[in-house]
Amino acid sequence: MADQQTQNKPELRSIDTQSKRTNPYQNEHAIRDFTFTIDEPEKLGGLNEALTPMEYIIGSLNGCFMIVVEMVAKEKGLTIVKLDASSSGGIDRRGLFGTADVNPHFQTVTLQLDVTFAAEDVDEEEFIQRVQKRCPAYNLFKDAGVEIEVIWNIIKEEQT
C-alpha cells in the first residue's frame, strides 16, 4: 500500500529563472549556474546575437527527446552507439503580429530521431511508446494542439 501512495504523491520540482532586458528585443536569462540570451533578427528590431524564443523551444524539443531516449535506453540495458535529432516547425506569423486570429505558436512540427543501438534486441514499438509518453517537451507540444510528427529511425549495429 505504501508503494501506491508514493506513486500517487506528486514530486514537484521548481525551475526558477531571473531575466532582464539588455537591448530592445533582447534579454538575458539566468537559470541555476547558467545564462543565455534571447534575441530577434535585425529585421524584427533585434541585434541577431542569439536565438529567438521559438528557436530555443524547438531546439529544446530535440534535446528533451534525446535525454529521454538516453534514460529509457539505460533502464532497458541498451547501448546507444549514435543519437541524432532534427526538427522543423511551422509557425503562422500572423498570430505574433496580430494580423489574424491564429495561434502564435508552432502549428506543425516534424521531428526525426536517428538512434543506433549496439547489436541488442530492441522492442522498437515499446521503446518509442515509453519515450514519447515520458518526454515533457513532446507532451507540452501535443497538449498545446500542435500537429507533431515523429519519425524514428532505429538501427541495430551489426556485430562483426
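Select R32 first. In this predicted model, R32 is exposed, with a relative accessible area of 68%. That is over the 50% cut-off, so R32 counts as exposed. R32 sits in the loop that links strand 2 to strand 3. Check its backbone too: phi is near 50°, a positive value in a residue that is not glycine.

**Back into strand 2**

Now select H29. This residue belongs to strand 2, residues 26-31. Is H29 buried or exposed? Its relative accessible area is 11%, so H29 is buried. Show side chains here. The side chain of H29 makes a polar contact with the side chain of N27, at 2.5 Å. Next, display the surroundings of H29. Beyond its neighbours within four places in sequence, H29 touches T17, Q18 and S19, along with F34, T35, F36 and I38.

**A second positive phi**

Move to N48. This residue is in the loop between strand 3 and helix 2. N48 is not a glycine, yet its phi is positive, about 55°.

**Aromatic pairs**

Turn to the rings. How many aromatic pairs are there? The count is six. Select F36 and Y56 for one of them. Their ring centres are 5.2 Å apart and their planes meet at 55°, so this pair is tilted. F36 comes from strand 3 (residues 34-38), while Y56 comes from helix 2 (residues 53-75). The pair therefore ties together parts that are 20 residues apart in sequence. Colour both by accessibility. F36 is partly exposed at 28% relative accessible area, and Y56 is partly exposed at 25%.

Next, select F117 and F127. The ring centres lie 5.3 Å apart with planes at 85°, so the pair is edge-to-face. F117 is part of strand 5 (residues 106-117) and F127 is part of helix 4 (residues 124-134). This pair therefore ties together parts that are 10 residues apart in sequence. Are these two rings' residues buried or exposed? F117 is buried, with a relative accessibility of 0%. F127 is buried as well, with a relative accessible area of 0%.

Widen the selection. F117 and F127 join F65, Y138 and W152 in one aromatic cluster.

**Helix 4 against helix 5**

Keep helix 4 on screen and add helix 5, residues 136-143. Their axes come within 5 Å and cross at roughly 70°. Helix 4 is therefore roughly perpendicular to helix 5. Which residues make the contact? From helix 4, pick Q132, K133 and R134; from helix 5, pick P136, Y138 and N139. Colour this contact by class: two residues are nonpolar, two are polar and two are charged.

**Inside helix 5**

Stay on helix 5 and hide the rest. A137, Y138, N139 and F141 are buried there. Of these, Y138 has already appeared in the aromatic cluster, and Y138 and N139 in the contact with helix 4. Now bring the neighbours back. What do the buried residues of helix 5 pack against? They pack against helix 2, strand 5, helix 4 and strand 6 (147-156).

**Last stop**

Follow the chain out of helix 5 to G145. This glycine comes after the helix and has a positive phi, near 85°.

Notes. Residues are numbered from 1 along each chain as its sequence is written. This is a predicted model: local features need pLDDT of at least 70, side-chain atom pairs count only at pLDDT 80 or more; totals for chains, interfaces and linings use all residues. Side-chain values use heavy atoms; hydrogens and water are left out. Helices (H or I, at least four residues) and strands (E, at least two) are DSSP runs, numbered from the N terminus. Buried means under 20% relative accessible area, exposed over 50%, partly exposed in between (1.4 Å probe, protein chains only). A polar contact is a pair of N or O atoms within 3.5 Å; within protein, one must be able to donate a hydrogen and the other to accept it, and residues adjacent in sequence count only if both atoms are side-chain atoms. Contact means heavy atoms within 4.5 Å. Rings of Phe, Tyr and Trp (its six-membered ring) pair if their centres lie within 6.5 Å; planes under 30 degrees apart count as stacked, over 60 as edge-to-face and the rest as tilted. Axes are lines fitted to C-alpha atoms, for helices over the stretch in contact, and angles run from 0 to 180 degrees between N-to-C directions. Angles under 35 degrees count as roughly parallel, over 145 as roughly antiparallel, 65 to 115 as roughly perpendicular and the rest as oblique. Ala, Val, Leu, Ile, Met, Phe, Trp, Tyr, Cys and Pro count as nonpolar, Asp, Glu, Lys and Arg as charged, and the others, Gly among them, as polar.
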